[in-house]
Amino acid sequence: MAVSVPPPRPNRDSVTTIREDGSRPFMFPADTHGRFTRARRISAYVLIVFYLSLPWIKINGYPAILLDVAERRFHLFGLTFAAQDMWLLFFVITGLGFSLFFITSLLGRVWCGWACPQTVFLEYIFRRIEVWIEGDAVARRALDAAPLSAGKIGKRACKHAVYLVVSAVLTHLFLAYFVSVPEVWAMVRAAPSEHWSTFVFMTAYTGLTYFIFCWFREQVCIVICPYGRIQSALTDDNTVTVGYDTLRGEPRGKAGTEGVGDCVACNKCVQVCPTGIDIRQGLQLECVGCTACIDACDDVMTRLNRPLGLIRYASQNSLQKKSTRWVRPRTVLYAILLAVGASVAGWAVSTIKPANVGVTRMVGAAYIIDREYIRNQFLVRLVNKRNTPTRFVLALEAAPPHLRQAGFAGAIEVPPLGEVAAPFVLQQPRHDYTGPFHFTVRVQDEGRTFFVERKVEFLGPEARLLREAEEDEKAEHAHRKEK
Ligand code: SF4
Ligand code: SF4
């Protein structure tokens, strides 16, 4: 009979999952049952379906999310963004950042415990597979400590085979966010030699997914994720987190012992913790807010017929019998930044057009003068962000009446998600010319569903200099005639 290896004793001076000699004790958190476990399970499976179905759901003819990096086209919930729209990314990232700041200042690491893909996939896919094949926490720890045997090799081989298959499936679904589901399917059916680079990338990424969820696990949250590290800068004593009621629980001791608090030192809250900490030692960097310890302790309290909530969602102030302030400088500041960011992002998204239009001056001379005209040459670049061909027409606005356009005759058809650059020339009769002027190039689709305007300057010499040059030309001409 194998001896179960107990987890290391948690303490606040070191990370529980790293021993003094630097080795890594593997965590075998026990399963929990209770209201938070049920709610988290429902939320996790809804999220898993959501994460995995986005590349399959079509909106406006494209997957709900398709980040087509190769073509520099990004389809997000029916909106199409081109490379030229990347400035919006600034507002999206800062908006998400401030949202996270705001939520963290109010509710701690609720994102980590309830919605982060790392937690959701680890706890509700990979840990479930492990429990299904190797058994509960005690059985898993015993199996880990047991010498090699046919049974151990069989169970471990089975687990790792399933892990590899699941990692490969998740990786391919992840790839579908970048190249679409049909493309992934075509790649899967083709020989690796037809797409070596993608094949190598996918193999490496499958290996990484397997490594993270099979072995590295909670270390992602503790060692790599920067969010956990900055939480102490985002939270304070009014932030609601998973916390232990020291006033009620201490001094801990066996049920029935005189003078002890409600904590019976059963260690159930430690046994269920996926990061191996003891929440009774206070809020710690390793706590991902998974609520497992709440359910574990509530179960103990129920058996002892005592009130629930010895461990509960509460602020440090509330645990000290002080009031919790929801409105405070940091929450107000984060809320203002969030509101400003969301407003700007909303406005920026509303300005997105189904096409991008750029009007630039052609390289070379700024203007050309001949006997009759002054000419300027331009290049109009049209990017069609729709998935249907679009015909564009060009018009000049606020321009002098005799300004003529050549080169951009009729409509120009731009293929779906295509790009066309078309030169055009503007010519102004010399006798009408009164100096450089500004005008507007208006580009619209033939169906007139939208238009884009660009302000452009027509360049030429100062009118006075042009007239003087003309006088000189005339004088020279007359002089030649006299001769
Ligand atoms: S589960 Fe509750 S009673 Fe048991 S040790 Fe943890 S806090 Fe104390
Ligand atoms: S202390 Fe509780 S809430 Fe925090 S990670 Fe451990 S079990 Fe989850």
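This report walks through the sheets, a few backbone oddities, the ligand shell, the cavities and an aromatic pair in a predicted model.

## The three-stranded sheet

Let's start with the sheet built from E3, E4 and E5. It is an open sheet, its strands lie in the order E3-E4-E5, and the pairing is antiparallel. Strand E3 (65-68) and strand E5 (79-82) sit at the edges, each pairing on one side only. Going from neighbour to neighbour, the strands of this sheet are turned by 15° against each other on average, if you ignore direction.

Now for the contacts inside it. E3 is joined to strand E4 (residues 73-76) by four bridges, and the two run antiparallel. If you want a spot to look at, find Asp-68, which stands opposite Arg-73 in E4. On the E5 side, E4 again pairs in the antiparallel sense, over four bridges. Here two phenylalanines face each other across the strands: Phe-74 is opposite Phe-81 in E5. E4 and E5 make a hairpin with two residues between them, and one residue in the turn, Phe-77, has a positive phi of about 50°.

## The four-stranded sheet

Further along the chain there is an open sheet of four strands, in the order E13-E11-E15-E16, with antiparallel pairing. Strand E13 (412-414) and strand E16 (451-458) are its edges; each has a single partner strand, so one side of each has no neighbour in the sheet. The twist from one strand to the next averages 30°.

In this sheet, strand E11 (residues 390-397) and strand E15 (residues 437-445) pair antiparallel over six bridges. One handy landmark is Leu-394, whose bridge partner in E15 is Val-443.

## Pairings around E14

Strand E14 (residues 419-429) is worth a look too. With strand E10 (residues 373-384) it pairs in the antiparallel sense over 11 bridges. In that pairing, Tyr-373 stands opposite Pro-429 in E14.

E14 also takes up strand E12 (residues 404-406), through three bridges and again running antiparallel. There, Ala-406 has Val-425 in E14 as its bridge partner.

## Around ligand 1

What surrounds ligand 1, and which residues come nearest? There are 13 residues around it, and the nearest are Cys-263, Cys-266, Asn-267, Cys-269 and Cys-297. Two elements give two or more residues to this shell: helix H12 (268-271) and helix H13 (292-303). Sorted by class, the shell around ligand 1 has 10 nonpolar residues, one polar and two charged.

## Cavities

How many cavities of 30 Å³ or more are there? The count comes to five. The largest cavity has a volume of about 100 Å³. Its lining includes Cys-269, Cys-273, Pro-274, Thr-275 and Ile-277, along with Ile-279, Cys-287 and Val-288. Gly-289, Cys-290, Thr-291 and Cys-293 are also among the residues that line the largest cavity. By class, that lining divides into nine nonpolar residues, three polar and no charged.

Note that Cys-269 turns up twice: it is one of the residues nearest ligand 1, and it also lines the largest cavity.

## An aromatic pair in helix H2

The structure holds 24 aromatic pairs. One of them is formed by Trp-87 and Phe-91, an edge-to-face pair with 6.1 Å centre to centre and 90° between the planes. Why are these two separated by about one helical turn? Because they are four residues apart in helix H2 (residues 87-107).

## Backbone oddities

Two loop spots are worth zooming in on. Glu-250 and Pro-251 are joined by a cis peptide bond, with omega about -10°. Pro-251 lies in the loop between helix H11 (246-249) and H12, and H12 is one of the elements that give two or more residues to the shell around ligand 1.

The other spot is Lys-321, which has a positive phi of about 65° although it isn't a glycine. You'll find Lys-321 in the loop between helix H14 (316-319) and helix H15 (329-350).

Methods
Residues numbered from 1 in each chain as written. Chains lettered and ligands numbered in written order. Predicted model: local features only at pLDDT ≥ 70, side-chain atom pairs only at ≥ 80, totals over all residues. Heavy atoms only, no water. Pairing = 2+ DSSP bridges. Axes fitted to C-alpha atoms, helices over the stretch in contact; angles between N-to-C directions. Near = heavy atom within 4 Å. Nonpolar A, V, L, I, M, F, W, Y, C, P; charged D, E, K, R; others polar. 1 Å grid on protein atoms, 1.4 Å probe; cavity = no way out; pocket = protein on both sides within 12 Å on 5 of 7 lines; lining within 4 Å. Points joined across faces, edges and corners; volume = space filled by probe spheres on them. Phe/Tyr/Trp six-rings, centres within 6.5 Å; stacked < 30°, edge-to-face > 60°.
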